[in-house]
Amino acid sequence: MPERTKKLFIEFTDATAHADNDSFDGIRVNNLSSAVGSGATLSFNNAVSGDATSGIKSRAIGADANALDFFTEGGGVGRATRMTILDTGNVGIGTTTPSNLLSVFSSSAATMGFTGGNAKDVWSMGYDVTNNRFAIASSSTITTNVRMVIDNSGNVGIGTTSPGALFNVYAAG
């Protein structure tokens, strides 16, 4: 076996399947507190960037309910949970209480971006909180180069961000 320095090295060869939840192979981090909100944390610190830390925390959210939080901190911002997986399987990005299989939250725009091989080929879609609409845009933000919207009345606009009817298509020229 090669010499390992300044590292934790764990090796095992037991591939036996275990029927009970108390037997497993790997690393276990335990938190013995029974308080709601408590949990075991696995942190990753980066000496190059000073106080920057990333990690995963197993958090008790009820008597028989748990969540797995992925967090980052640093740059004077403090710790922030970026993604949560509940024991129900619901995943939250920007929220620690996802109500759907995938819940995405942002106070300004919950957006998904799509980029091709060329950096200028960027499309975005998502909920534009400021204008209370769902939008698709040919840019990295859903507020510029908007190509289609669905407003809070259910009106669909193509080529316009203010559809005045159930389906409104606008062509310039």
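## A pair of strands to start with

A good place to enter this structure is the pairing of strand E3 (residues 65–73) with strand E4 (residues 80–86): the two run antiparallel and are joined by six bridges. Within this pairing, aspartate 69 has threonine 84 of E4 as its bridge partner. Please keep in mind that you are looking at a predicted model.

E4 also pairs with strand E5 (residues 91–93), again in the antiparallel sense, this time over three bridges. Here threonine 84 stands opposite glycine 92 in E5. Threonine 84 is thus a handy landmark, with aspartate 69 as its bridge partner and glycine 92 opposite it in E5. The hairpin of E4 and E5 has four residues between the strands, and glycine 89 there takes a positive phi near 100 degrees.

## The chain as a whole

What does the protein chain consist of, in terms of helices and strands? The answer is zero helices and twelve strands. Read from the N terminus on, every element is therefore a β strand, since helices and strands are the elements assigned here.

The protein chain has 173 residues, and 23% of them count as buried. About 12,000 Å² of the chain is exposed, with carbon and sulfur atoms supplying 54% of that area. Among contacts with a separation of 6 or more, residues 24 or more positions apart account for 5%.

## The sheet from E1 to E6

E3, E4 and E5 belong to an open sheet of six strands, ordered E1-E2-E3-E4-E5-E6, in which the pairing is mixed. Its edge strands are strand E1 (39–45) and strand E6 (102–104), each of which pairs on one side only. On average, neighbouring strands of this sheet are turned by 20 degrees against each other, direction ignored. As background, strands of a sheet pair through backbone hydrogen bonds, either parallel or antiparallel.

Asparagine 45 is found in strand E1. Is asparagine 45 buried or exposed? It is exposed, because its relative accessible area is 62% and the cut-off for exposed is over 50%. Ten residues further along the chain from asparagine 45 comes glycine 55, and the C-alpha atoms of the two are separated by 8.5 Å.

## The sheet from E7 to E12

The other strands to explore form an open sheet of six, in the order E7-E8-E9-E10-E11-E12, and the pairing here is mixed. At its edges are strand E7 (109–115) and strand E12 (167–169), each pairing on one side only. From one strand to the next, the twist averages 10 degrees.

How do strand E11 (residues 156–158) and E12 run, parallel or antiparallel? They run parallel, and three bridges join them. In this pairing, valine 156 has phenylalanine 167 of E12 as its bridge partner.

## A nonpolar core

The largest nonpolar core has five residues in all: Ala135, Ala137, Ile142, Val146 and Val149. Strand E9 (133–137) and strand E10 (146–151) are the elements that give two or more residues to this core. This fits a general pattern: in soluble globular proteins, nonpolar side chains tend to be buried together.

Isoleucine 142 is a good residue to inspect within the core. Leaving aside residues up to four places away in sequence, isoleucine 142 touches Ala109, Thr111, Ser124, Met125, Gly126, Tyr127, Asp128, Ala135 and Ala137. Two of the residues on that list, Ala135 and Ala137, are also members of the core.

## Two asparagines with positive phi

Most residues other than glycine have a negative phi. Asparagine 132 has a positive phi of about 50 degrees although it is not a glycine. Asparagine 132 is found in the loop between strand E8 (122–128) and E9. Its relative accessibility is 32%, so asparagine 132 counts as partly exposed.

Asparagine 145 also has a positive phi, near 50 degrees. Asparagine 145 has its place in the loop between E9 and E10. With 44% relative accessibility, asparagine 145 counts as partly exposed.

## How confident is the prediction?

The mean pLDDT of the protein chain is 81, and 76% of the residues reach 70 or more. Among the elements, where is confidence lowest and where is it highest? Confidence is lowest in E1, with a mean of 82, and highest in E11, at 97. A general caution applies when you look around: where pLDDT is low, the predicted coordinates should not be read in detail.

Terms used:
Residues numbered from 1 in each chain as written. Predicted model: local features only at pLDDT ≥ 70, side-chain atom pairs only at ≥ 80, totals over all residues. Heavy atoms only, no water. Buried < 20%, exposed > 50% of the residue type's maximum accessible area, 1.4 Å probe, protein only. Contact = heavy atoms within 4.5 Å. Areas by Shrake-Rupley, 256 points an atom, 1.4 Å probe, with all protein chains shown as cover. Pairing = 2+ DSSP bridges. Core = buried A, V, L, I, M, F, W, Y, C linked by side-chain atoms within 4.5 Å. Axes fitted to C-alpha atoms, helices over the stretch in contact; angles between N-to-C directions. pLDDT = per-residue confidence, 0-100.
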